[in-house]
Amino acid sequence: MLDGEDGSLIQKAIKLMVKFGEAMKAERLLPIKYAHVSLTSTNIRGEYEFLTDFVTDNVKVKVPTTCQTLSIDRERWQELGISEDVVNKAFEIVKIFEKLGIRPTFTCTPYYTINNLVEFGDHIASCESSAVTYFNSVIGARTNRESGQSGLISALVGRTPEFGFHLKENRKGRILIDVRANLEDDADYSSLGFQVGKKIGPEVPVFVGLKNPNDAELKALSNSLALTGGIALFHAVDITPEAKTLNDAFQGDKPEDKLIITQNDIENTYNELTTGSGEVRTIVAGCPHLNLFELEEFAKMLEGKKIKEGVKVWLFTAAFVYEVAKTKGIIDKIESAGARVYRDTCLLLLDGMKKKPELVATNAAKQAYYGKSFIPDTYFYFGKTRKIIKAAFTGRWE
Amino acid sequence: MEGKSYRIIKGRGVFPGIVEAEALVTTESISLLGGVNQETSEVIELNHPLSGEYISGKVLMVYSGRGSVGSTSTLYYLKKIGKNPAALVMVIPDPPVVFGAILTEIPTIVDVSIDDLKTIKNHSRVKINGETGEIFVYDV
């Protein structure tokens, strides 16, 4: 690759990786098994520009690669009222990714679209902070927090520099998090991650006291740890694969610090991200994208009922998961109640909408936290899943 | 600045190039996506020591990068519209910032000691050599 036998773009790409490795004091470039690449949204400057400047024809990724959330739903952009120029740009991006040989997943939860391709100990290069934390922590694969640009270039050369979370010593737990709270909902895990991230910053936390979290809850935890703490890896004793025991999680060392999380801490996030009560017009879930189990849960809560007139319920998921849910009748149950399931995109990345969503209730701390900067004129409520569904029927946040 | 006296601070050069410009200095980290306006290069993060400053054309000297990996995108876009920082200096190399600097060919020095960084006043005149890792500070 370095000598240009794979073409000038790949030569440029590998040279960038070598220089990046030198800068990060990596001893070598590692082969990767998989990559997940962003550069798919139209509302962050420098993504589309890089993609269209950098990529040339006839270049393909070297390893199985998935891609991140778009700014549109490819099937239902019309009903979302997205402007034509954003739609055109989004489809241009879709085309470039297809040409690159990247799987058209368009999701922030790529781990639900690749079966068991990525396994414990695999070196990969992943974009999307919540996916990075999930891959590192829940699967035990090894990735740094890649930017869209470094992620794409890694996919093109099938290599990443060996530094950071690729090295065992950097995966050692550092801070013990003793959870003394009863967590009963995805949103509680979202809240837990929000508080821990804020308190400890970019460290490796080790949780004790979690009671059998399901996959959706671990996904929610990954999401908010990355949000407020820039945390790329956590361990949970007897739950995540590098933490069979407390001793394993700390690689035989002692915790550098200890933090106790109480029920009050969990409740604090709800108070911090929501003030007061009032009218609700939009209910949003799917940050990160909902998995099949979560869609099933929503179907159970909505089946046979009607959401309140004038209230919108938007659920976001990956197209791949949508298709499976559709064949199981889950999508129909949800949509018969008046809710909508959107694919490929999310509330925060939707771009070019003629009418912005208003008075939004969500069960993900990230939506409420970032919502203010992405959609400045609206009001956000953050609450448990049961509470946002209740608001769908009443149109009120009490 | 021939003839003017200077002192030298050492770091590790990670992208070559010699640049002399005004420095923006803080011992805090900077969030290039979210904390900086991508069109104007103004630092917009509330309560940030560099809030209200424009990083365009300056030697940006910070503790590290913080927050989103979108820092690479901001550097790429700023370079494209000609409003990129002239050079970067960090105590701790933040991967997305370092990658962005290499991609956009901005001279960059890392591993500068925090104690050395503290001695440089904001708006000082500096010259950096991204090859040797030397920072010439014209304040003596």
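These are worked exercises on a predicted model with two chains, A and B.

**Exercise 1. The sheet of chain B**

Task: Work out in which order the strands of the open sheet in chain B stand, and which strands are at its edges.

Solution:
- Step 1. Follow the sheet from one side to the other: the order is β1-β8-β7-β3-β4-β5-β6-β2, eight strands in chain B with mixed pairing.
- Step 2. Look at the two ends of that order. β1 (7-10) and β2 (12-15) of chain B each have a single partner strand, so one side of each is left without a neighbour in the sheet.
- Step 3. Compare directions. On average, neighbouring strands of this sheet are turned by 30 degrees against each other, direction ignored.
- Step 4. Pick out one pair. β3 (residues 18-25) and β4 (residues 59-62) of chain B are parallel and share three bridges. Val25(B) stands opposite Met61(B) in β4(B).
- Step 5. Now add a helix. Helix α2 (residues 95-104) of chain B packs on the sheet and touches β2, β5 (87-90) and β6 (108-110) of chain B. The direction of this helix makes about 155 degrees with that of β5(B).

**Exercise 2. Where the two chains meet**

Task: Describe the contact between chain B and chain A, starting with how many residues each chain gives to it.

Solution:
- Step 1. Count the residues: chain B gives 23 and chain A gives 22.
- Step 2. Turn to area. The size of an interface is often given as the accessible area lost when the parts come together. Here the two chains bury about 1900 Å² between them, 70% of it on carbon and sulfur atoms.
- Step 3. Find the residues of chain B that lose the most area to chain A. They are Val69(B), Tyr76(B) and Phe99(B), together 29% of what that side buries.
- Step 4. Check for charged pairs. Side chains of opposite charge can pair when their charged atoms come close. Two salt bridges are found across the interface of chain B and chain A. Lys80(B) and Asp53(A) meet in a salt bridge through their side chains, at 2.9 Å from N to O.
- Step 5. Add the polar contacts: seven residue pairs across the interface make one, with both residues at pLDDT 80 or more.
- Step 6. Place the residues in their elements. On the side of chain B that touches chain A, β2, α1 (71-80) and α2 of chain B each supply at least two residues. By class, that side has 14 nonpolar, five polar and four charged residues.

**Exercise 3. The three-stranded sheet of chain A**

Task: Say how the three strands of the open sheet β3-β2-β4 in chain A pair, and what packs on this sheet.

Solution:
- Step 1. Read the pairing: it is parallel.
- Step 2. Find the edges. β3 (65-67) and β4 of chain A have a single partner strand each, so one side of each is left without a neighbour in the sheet.
- Step 3. Look at one pair. Strand β2 (residues 35-37) of chain A is joined to β4(A) by two bridges, and Ala35(A) has Ala125(A) as its bridge partner in β4(A).
- Step 4. Name the helix. Helix α5 (residues 148-157) of chain A packs on the sheet, touching β2, β3 and β4 of chain A, and its direction makes about 140 degrees with that of β2(A).

**Exercise 4. A link between distant parts**

Task: Find the partner with which Lys366(A) forms a salt bridge, and place both residues in the chain.

Solution:
- Step 1. The partner is Glu128(A), with the closest N and O atoms 4.0 Å apart.
- Step 2. Lys366(A) is in helix α13 (residues 365-374) of chain A, while Glu128(A) is in the loop between β4 (125-126) and α4 (129-139) of chain A. The pair, 238 residues apart, links distant parts of the chain.
- Step 3. For the wider view, the count over all chains comes to 32 salt bridges.

**Exercise 5. Backbone exceptions**

Task: Determine which bond is cis between Cys287(A) and Pro288(A), and what sign the phi of Glu105(B) has.

Solution:
- Step 1. Recall the background: most residues other than glycine have a negative phi, and most peptide bonds are trans.
- Step 2. The peptide bond joining Cys287(A) and Pro288(A) is cis, with omega about -5 degrees. Pro288(A) is found in strand β11 (residues 282-290) of chain A.
- Step 3. Glu105(B) is not a glycine, yet its phi is positive, about 60 degrees. Glu105(B) lies in the loop between α2 and β6 of chain B.

Key: Residues numbered from 1 in each chain as written. Chains lettered and ligands numbered in written order. Heavy atoms only, no water. Pairing = 2+ DSSP bridges. Helix = DSSP H or I, 4+ residues; strand = E, 2+ residues; numbered from the N terminus. Axes fitted to C-alpha atoms, helices over the stretch in contact; angles between N-to-C directions. Contact = heavy atoms within 4.5 Å. Buried area = accessible area lost by both parts, 1.4 Å probe. Polar contact = N/O pair within 3.5 Å; in protein donor to acceptor, adjacent residues only side chain to side chain. Nonpolar A, V, L, I, M, F, W, Y, C, P; charged D, E, K, R; others polar.
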